[in-house]
Amino acid sequence: MAASLWMCRLYLRGRRGPLRSIEKSNLRFRSSTSTSSVALKSEATHRSDESAIDERKSFYTLLEERQAQSERSVLISCPPKINENIFFKYLSRHGEINTCFFYESFGVYAVVEFSKKESVASLHDGIGIPSFQNEATVPFKSRLVSLRLNNPANQTNSQPAVQCLKQSSIPINELIQKISKVDSIDQQLHTLMNVYQLTDENIRLRFLVCSLLKDIAAAYFPECSIMPFGSTVNGFGKLGCDLDMILDLDRIRGRNLKAAGPFSLEYQMKRVSSERSVTQRILSVMGECIDEFGPGCVGVQKILNARCPLLRFSHQPSGFQCDLTANNRVAVKSSELLFLYGSLDPRVRPLVFSVRCWARVHGITSSIPGAWLTNFSLTMMVMFFLQRRSPPIIPTLDQLKNLAGPEDKSVIEGNDCTFVRDISKIKAQENTETLGHLLQEFFEFYGNFAFSKLSINIRKGKEQNKPETSPLHIQNPFEPSLNVSKNVNMTQMERFVALAQESAWVLQQAGGKGPTGTRDQPWGLASLLLPSISQAGGKSKKKRKMEPASQRIKSLLESLKTNKSQGNSTEKNKRTVSSSSH
């Protein structure tokens with residue numbers, strides 16, 4: 001299970017979005033103050049600033065830079081009370097330090113990134129092998145190490161505990177109070193995103209865990225890599241989300257040397273019946289190695305017969321629940337596509353974060369596998385909705401494909417995964433709708449959507465006839481024959497529609513107005529996160545057609561009059577019955 005993370009920033013550059021804040025800077029101590037205003041300003045920057053767009057780095061460039069950071073980093077288990085200056089000075093003997101921060105997960109840990117990879121090798125030369133009186137140790141040397149105090153009595157008594165900053169998601173009640181105090185629904189959505197999104201330190205830790213696991217895999221596959229995908233890198237990750245990873249062996253398979261001279265050499269390798277069998281065997285061995293040799297890795301499960309075989313385990317030193325797959329390159333392309341969409345317009349990410357939060361609060365999504373909608377399906381629905389606006393806010397996948405050049409060509413297992421990577425080639429859209437209006441329109445759009453007949457397709461950006469009878473059909477953008485929401489049953493689909501209708505109704509009654517009276521009263525987005533919404537939505541079995549706000553208010557008044565007249569008639573009948581009974 002994922003433990004709560006606590007971070008203390010010794011080096012702080014502010015949250016500027018996913019995978020960013022990677023440039024070098026002088027290390028210095030700073031207070032653990034909130035950087036939400038910095039993040040809000042960054043996310044609110046309009047796309048009309050073409051020079052800023054041109055300076056944005058590509059998805060894979062950022063991945064490579066993050067991976068390089070992790071290769072220069074170590075994870076150190078520390079006593080809760082140490083002198084931070086002495087600690088930093090002690091490690092600086094091995095080389096210049098770029099980044100250092102503390103967090104808590106089953107104890108206090110420090111992530112230390114050196115400027116050069118050679119510093120890590122120097123540190124390794126001074127690390128000893130632990131000895132225990134009644135236990136033996138597995139002699140696997142990793143970059144996960146423990147710091148021991150040689151004179152504990154002299155060094156801990158006068159030292160305060162390491163100052164740490166909480167990095168787990170705040171409780172929903174605190175979130176409701178927080179967003180109820182801002183001035184507009186737009187600000188509510190931005191505030192929610194800034195509270196929930198992954199911090200720079202959390203992303204660094206995720207890449208470091210991948211790097212530590214790669215050290216284990218490299219014993220068998222020296223040229224392999226392990227990288228995160230999904231929420232960790234697509235820009236929509238929430239604090240506390242799982243760490244999805246892929247063991248990439250394509251660098252090994254992709255080495256096709258040109259013949260030179262009279263001979264050529266090839267490696268002798270085992271042959272098996274299929275690529276799936278290869279993946280299952282590799283993950284099975286990796287599961288054994290992680291379970292037997294991986295420090296801090298517990299509860300390893302081999303889920304090898306799933307459509308996408310995987311390993312599931314907990315990494316206690318980081319507090320992450322981990323899923324490891326192999327050669328799942330289509331999932332990486334999906335992560336890149338979502339990262340691109342989230343970078344195109346500053347409204348995309350706040351809307352996705354808010355819809356996901358709304359869904360989780362009301363049980364539309366769940367961390368437990370089952371018949372619920374997944375975050376990926378919900379995100380696809382948001383993207384499709386934004387494509388259907390007039391004018392569209394984001395382009396369709398086919399439009400991105402048409403902008404692609406030869407360097408963007410990508411075919412994976414026969415599936416065309418090509419789309420433009422250079423964001424500067426994508427024309428800015430003219431849509432000026434506010435976030436508050438988009439949130440209401442999202443609920444109205446899907447409150448009236450013909451799920452029984454139509455499917456969602458972000459490649460075309462338009463509704464299509466369903467090819468199957470599943471309650472919800474969302475076409476996989478890169479594997480068209482697959483329905484990413486095939487697990488959703490009719491009960492959950494009806495709940496989603498009812499809650500969407502109820503939420504649209506609540507926002508329509510508010511009319512886009514700001515808070516009234518005291519700031520402690522939930523309003524706008526905050527009111528949609530209250531349990532009363534799901535209670536009201538759950539009672540509605542009949543689909544309610546959304547009308548313009550003025551028409552619906554008129555209908556409401558007529559309904560009240562009707563109810564009042566019916567109530568008076570009922571009361572008269574009661575009195576008549578009462579009189580006759582006497």
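**A tour of two packed helices and a sheet**

Start by selecting helix 8 (residues 185–196) and helix 13 (residues 348–361), whose axes come within 8 Å and cross at roughly 80 degrees. That makes helix 8 roughly perpendicular to helix 13, a label for angles of 65 to 115 degrees. Axes here are lines fitted to C-alpha atoms, for helices over the stretch in contact, and angles run from 0 to 180 degrees between N-to-C directions. Helices (H or I, at least four residues) and strands (E, at least two) are DSSP runs, numbered from the N terminus.

A word on what you have open: this is a predicted model, where local features need pLDDT of at least 70, side-chain atom pairs count only at pLDDT 80 or more, and totals for chains, interfaces and linings use all residues. Residues are numbered from 1 along each chain as its sequence is written, and side-chain values use heavy atoms, leaving out hydrogens and water.

Now show the side chains between the two helices: Leu-189, His-190 and Tyr-196 are among those in helix 8 that meet helix 13 residues including Arg-349, Phe-353 and Cys-357 (contact means heavy atoms within 4.5 Å).

Next, select the sheet: 5 strands, open, in the order 7-8-11-10-9, with mixed pairing (two strands pair if DSSP finds at least two bridges between them). Strand 7 (225–229) and strand 9 (297–303) are at the edges with a single partner strand each, so one side of each lacks a neighbour in the sheet.

Zoom in on strand 8 (residues 243–248) and strand 11 (residues 320–326), which run parallel and are joined by 5 bridges. Here Leu-247 stands opposite Ala-326 in strand 11.

Finally, add helix 11 (residues 275–293), which packs on the sheet and touches strand 8, strand 9, strand 10 (310–315) and strand 11.

Note on methods
Parallel < 35°, antiparallel > 145°, perpendicular 65-115°, else oblique.
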